[in-house]
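Here is a quick walk through a model, strand by strand and then outward. Keep the structure open while you read.

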Amino acid sequence: MLQINHLSKQYGGKDRKAVDDLTLHIKPGEIYGFIGHNGAGKTTTLKACSGILKFDSGEILIDGISIKDNPLECKRRMAYIPDNPDLYEFLTGIQYLNFIADVYQVPASEREERIAEYATALELTDDLASKINSYSHGMKQKLAVISALIHNPKLLMMDEPFVGLDPKAAHTLKQIMRQFCDNGGAIFFSTHVLEVAEKLCDKVAIIRAGKLVIAGDTETVRGDESLEDVFLELVEESHA
Amino acid sequence: MLKTLLKIHAKAWMESMFSRRRGKKHIGVGMKILFVFLGIYAVAAFGLLFGMMFDAMYEPFNMIGMGWLYYAMAAIMAGMLCFIGSVFFTQSMIFEAKDNELLLSMPIRPSAILGSRMLLLILINYAYSFLIMAVCGVVRCIMGPVTVLGVIRYLLCCLLLPLIPSTLSCIVGGLIALIISHLRNKNFFTMLLSLVFLALYFMFCFNMQSYIERMVKNGAAIGAAIQKALPPFYAMGLAVQNGDWGQLLIFTLWCVLPFAAVYALLSHYFIRIATSKRGLKKVKYEAKAMHASSAIWALTVKDLRRLINSSNYMLNGCLGAILALAIAIITAVKGNGILQTLADMYAGGADVNSIAMPFACVVECMTMSMCILSAPSISLEGKNLWTLQSAPLRAKEVLLSKALMHLVVTVPASLIASLLFSVSLKMKGLDLLLIFLMPLMLSAFMALLGVTVNLHWPRFDYTSETAVIKQSASSTITMFSGMGIVLLPVLLYVLLLRKYMKVHVMMLICAAALAIGVFIMYDYLAHRADRAFAKLNQE
């Protein structure tokens, strides 16, 4: 579903590459966790995959289509949620969802159905008539999740999706993620919460200073240790 | 502590007013020269306007033995300018500042936070006050000899004067914040208030000549009224004119005591003011049938919603349309007197009756060129740009939707204004066609020009929308380009071409030139702007 081949990206004025020769493959049905410390290159990778950020070299294929050659077709098949859900604060929740549905050309009946389903699951229905500027961080995150699912994408990319969510909403989001992948979708998300990655992800990749340190099945990567121990060891090793 | 706080507030204010975007691209030399030129032009225009006024006032007031009225009038005008310029700043800087809660959580006395903000307010008012008081002083020096003590007394008064409008701004800003906290549609209220202030300002400008004449004729009566109703300004006038140190002390007390009282009062209630939540009422959602629309219309509606939710954007972006409508309505109701006033002010007193259509057309085009709705529209995406860049949208759809938003507002305003002009000035035939065609072509041109300019001079690192709407390079370039596009053909025709062609021919040529411009920009935005759009906010 998502193939990242030898991706490299360097920002102007910086000495080192933000992402350096990164290769990852995410298959349909997989929840793929992307782990790394602050500034490791997770957000840059996710932004490049979502078509927001241009990259210097390498290739990104979504459902077999190159994001460089056919960005619109790729974007129709995926959804992206950034780490900080900066949404249009002057719109109400329902206006925002309707706007996103129009942008993705979702038929009226389908958008009504999906909004009802996900807003109920995430307990946001009552607040949909309020302006987004009255929302808490967690409510914005929930709205961003609903807007990402409204066009039924094949690939979901999320940057730190659990930040700001209350325990119940975080639990619901995990269920939605699992159900999404069980229905054939793929999820690629970054996280700092290693316990979540350990329990939820089918596969994980650890990145440090833009370079891939390790990637594979969660079970294989962690072995007999916790993912936290493995992460700390690997990061220390690559640092040394 | 006060110094540190003042530094932080001043930095934040400067950032919102003058900061330029980070990154590799800086504003070029040409742009810098343009900005310097515009700055000099604005100061010179102000100086000339007030200089002529003070020049007309000084002698007559002195002749009737009321020389103090000269200084009192200057102080009143400076006070008004400070008040209009700072009242909304007071509201956002003192009562609704975003960092109030952060600063209150630190070991800083609330009175120090408030004091530093009020001090910045006074400094800003010094800048406004300087524009008028400096001209007043210069004209006085030209008119006759001055003494060192006289100059010192005048400078002391100039130092104290901004305390009066600062006190008033704090009171009125506080009242506005209080009223807004009880309203749902705070943007509409803020815009309405801003329009009232602007209307007062324009009324003052339109009638300035008659005010001066009346003041000169009835100086004694006006002086008596000021003495009774505005005693601080009377005291200030006497202190400077007669060298009366007692009156200077009275003026000082008038400036300092109310300011201190307001400071003490606000200090007492500052925590309550700073921590109260405003205008964020929650509404319970009830599901209704939803309707699908095209992506471009969804983008347009989204931008229109941004517009109606921002009083700043509405006021600055739509001011031209509001002015065009106001002038057309006044013309329809009261005849072409307002057009004649404009001709007296800007067209050397030309007789409007003989040039009704072209003059009305120029007035409408000139005001419509001040509509710069599309010029900040890309920058205003700010942190939300990711939504558009990650969605399956072509650059064409995003960019043209912004031009469409501009047209949705300006075209109806232009049609109504043209209709009112055509009926009230009894236009027929080609006149009728041109009064509708020219403003419409100009609106289309301005809509596309704003988007094109903003695409190449975007700014995403702002902390306040005001910085983008009012002071950004794209807004400035678009507005002055629009004015130039209207004024250049007018000057060209009046100075050179009037002997060779009829005004209708000239206007048709201008319409054709605008149509070519519209076509070129449309073609660029629709077919060749993908790369520029993809490059936005890449660092």
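A:Leu156 stands opposite A:Ile187 in β8(A). This is a predicted model, and that pairing is a good place to start in it. The strand that carries A:Leu156 is β7 of chain A (residues 155-159), and five bridges join β7(A) to β8(A), with the two running parallel. To get from β7(A) to β8(A), the chain goes through helix α6 (residues 167-182) of chain A, and this β-α-β crossover is right-handed.

β8(A) has another parallel partner to look at: strand β3 (residues 31-35) of chain A pairs with β8(A) over five bridges. There, A:Tyr32 is the residue opposite A:Phe188.

So how enclosed is β8(A)? Six of the six residues in this strand (186-191) are buried, so the rest of the structure largely encloses it. In a regular strand, side chains alternate between the two faces of the sheet. In β8(A), A:Ala186, A:Phe188 and A:Ser190 point one way, while A:Ile187, A:Phe189 and A:Thr191 point the other, and all are buried.

Here are the strand pairs of chain A that come up in this report, with an example of facing residues for each.

| Strand pair | Sense | Bridges | Facing residues |
|---|---|---|---|
| β3(A) and β8(A) | parallel | five | A:Tyr32 and A:Phe188 |
| β7(A) and β8(A) | parallel | five | A:Leu156 and A:Ile187 |
| β4(A) and β5(A) | antiparallel | two | A:Leu61 and A:Ser66 |

The last row belongs to an open sheet of four strands in chain A, ordered β2-β1-β4-β5, with antiparallel pairing. β2 (19-26) and β5 (65-66) of chain A sit at the edges with a single partner strand each, so one side of each has no neighbour in the sheet. Strand β4 of chain A covers residues 57-62.

Helix α1 (residues 42-49) of chain A is mostly covered too, with eight of its eight residues buried. Among them are A:Lys42 and A:Lys47, along with A:Thr43, A:Thr44 and A:Thr45. Just after α1(A), A:Gly51 takes a positive phi of about 85 degrees.

Now for the nonpolar interior. The largest nonpolar core has 164 residues, and those with the most contacts inside it are A:Ile146, A:Met157, A:Ile187, B:Ala360 and B:Leu448. Helix α19 (residues 429-456) of chain B gives the most to this core, with 15 residues. What does A:Ile146 touch? Leaving out residues up to four places away in sequence, A:Ile146 touches A:Leu97, A:Ile115, A:Tyr118, A:Ala119, A:Leu122 and A:Leu124. There is also a second, separate core of 59 residues, which includes B:Phe88, B:Ile94, B:Phe233 and B:Leu266.

Next, the contact between the chains: 29 residues of chain B are in contact with 38 residues of chain A. On the side of chain B that touches chain A, α13 (295-308) and α17 (385-390) of chain B each supply at least two residues. The largest share comes from α13(B), with five residues. By class, this side of chain B has 13 nonpolar, seven polar and nine charged residues.

Finally, chain B itself is divided into domain 1 (51-275) and domain 2 (295-534). Their centres, taken over C-alpha atoms, are separated by 35 Å. The contact takes five residues from domain 1 of chain B and six residues from domain 2 of chain B. On the domain 1 side, the residues that touch domain 2 are two nonpolar and three polar, with no charged residues.

Key
Residues are numbered from 1 along each chain as its sequence is written. Chains are lettered from A and ligands numbered from 1 in the order in which they are written. This is a predicted model: local features need pLDDT of at least 70, side-chain atom pairs count only at pLDDT 80 or more; totals for chains, interfaces and linings use all residues. A residue is buried if 20 or more other C-beta atoms lie within 10 Å of its own, exposed if 12 or fewer, and partly exposed in between; C-beta atoms are placed from the backbone. Two strands pair if DSSP finds at least two bridges between them. A crossover is right-handed if, with the strands pointing away from the viewer, the path from the first strand over the helix to the second runs clockwise. Two residues are in contact if their C-beta atoms, placed from the backbone, lie within 7 Å. Ala, Val, Leu, Ile, Met, Phe, Trp, Tyr, Cys and Pro count as nonpolar, Asp, Glu, Lys and Arg as charged, and the others, Gly among them, as polar. A nonpolar core is a set of buried Ala, Val, Leu, Ile, Met, Phe, Trp, Tyr and Cys residues joined through C-beta atoms within 7 Å. Domain bounds come from an automatic or database domain assignment.
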